Structures are given as structure tokens and as C-alpha cells.
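Visitor: I am new to this structure and would like to know how its descriptions are justified. Please show it to me, and let us then take the terms in turn.

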Amino acid sequence: LQAVAITPDGNTVAVAGRTGAAWGDSNAVYVFERATGRLQRRLAVGSALPVVTLALSPDARVLAVGLGEDGGQARSQRYLDTARAVCQRWLSGPPAP
């Protein structure tokens with residue numbers, strides 16, 4: 001697990017992590033129904049960078065995903081109910097040698 005966010009009503013939990021080879025060996029966000037533990041959706045983050053933070057908008061409609069490590073940083077925002085991207089932005093590139 002790399003990051004967790006819970007909707008204000010406590011009904012939905014978003015968890016970020018890196019999957020194993022059976023699920024594509026990639027970084028993703030998994031959205032679960034808290035009461036049952038049922039996986040509602042998997043959101044591919046579209047980057048090799050690890051997820052370092054998750055945050056939800058006050059109305060729980062938009063999930064902000066922060067990605068980063070020494071090689072750079074990026075931010076992605078997605079609608080939680082549809083996984084449709086709101087925006088994605090590269091914030092910094094790899095450090096100069």
C-alpha cells in the first residue's frame with residue numbers, strides 16, 4: 001500500500017499500490033466499498049511513478065492522485081464514479097545530472 005483516502009461519508013475507500021504480475025505489474029488505485037470490501041473499480045495511473053498521496057474533493061466526486069520519486073512528480077485527477085480523467089500534469093522532470 002502506498003496511499004489511502006476515504007470518502008467523507010466513510011462508504012468508499014481508495015487504496016493505491018503496485019500490482020503483481022498477474023494484474024499487469026503497474027501502479028493503480030483500487031476503489032472499494034467499505035461495508036462489503038467489494039472492489040468497485042481499478043484506476044490505472046498511467047505512470048511508472050509510484051503513488052505517494054491520494055486526496056478526495058469535499059463532495060467525493062474527484063480523486064487527486066499524487067505520483068513521485070527522485071525522477072519526477074506528476075498529478076492526476078479523476079472522477080471517482082467513472083474513472084474519467086479530469087486532468088493530468090507533469091510537475092517536474094528528472095533532476096539534472
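Guide: Let us start with burial: a residue is buried under 20% relative accessible area, exposed over 50%, and partly exposed in between, with a 1.4 Å probe and protein chains only as cover. Strands are DSSP runs of E with at least two residues, numbered from the N terminus. The model is predicted, so local features need pLDDT of at least 70 and side-chain atom pairs pLDDT 80 or more, while totals for chains, interfaces and linings use all residues. Residues are numbered from 1 along each chain as its sequence is written, and side-chain values use heavy atoms, without hydrogens and water.

Visitor: Why is β2 called largely enclosed by the rest of the structure?

Guide: Six of the seven residues of β2 are buried, so the strand is described as largely enclosed. β6 is likewise mostly covered, with seven of its eight residues buried.

Visitor: Why is R75 called partly exposed?

Guide: R75 has a relative accessibility of 28%, and therefore counts as partly exposed, since that class lies between the limits of 20% and 50%. R75 belongs to strand β7, residues 72–79. Its C-alpha is 7.1 Å from that of A64, although the two are eleven residues apart in sequence.

Visitor: How do you know that A60 is buried, and what is noted about its phi?

Guide: The relative accessible area of A60 is 19%, so A60 is buried, the limit being under 20%. A60 lies in the loop between β5 and β6. Its phi is near 65°, a positive value in a residue other than glycine. Most residues other than glycine have a negative phi.

Visitor: What makes β1 and β2 a pair?

Guide: Two strands pair if DSSP finds at least two bridges between them. β1 and β2 have four bridges, in the antiparallel sense, so the condition of at least two is met. One bridge partner of I6 is V13 in β2. These strands form a hairpin with five residues between them, and G10 in the turn has a positive phi of about 75°.

Visitor: Which other strands pair with β2 or β3?

Guide: β2 and β3 are antiparallel over seven bridges, and G17 stands opposite A28 in β3. β3 and β4 are antiparallel over five bridges, with R41 in β4 as the bridge partner of V31. Four strands thus form an open antiparallel sheet in the order β1-β2-β3-β4. β1 and β4 (39–44) are at the edges, each with a single partner strand, so one side of each has no neighbour in the sheet.

Visitor: How are β5 and β6 joined?

Guide: Five bridges join β5 to β6, which run antiparallel. V51 stands opposite L67 in β6.

Visitor: What makes a set of residues a nonpolar core, and which members touch the most others?

Guide: A nonpolar core consists of buried Ala, Val, Leu, Ile, Met, Phe, Trp, Tyr and Cys residues joined through side-chain atoms within 4.5 Å. The largest here has 16 residues, and V29, V51, L54, L63, V65 and L67 touch the most other members. Two or more residues come from each of β1, β2 (12–18), β3 (27–33), β5 (51–56) and β6 (62–69). β6 gives the largest share, three residues. In soluble globular proteins, nonpolar side chains tend to be buried together.
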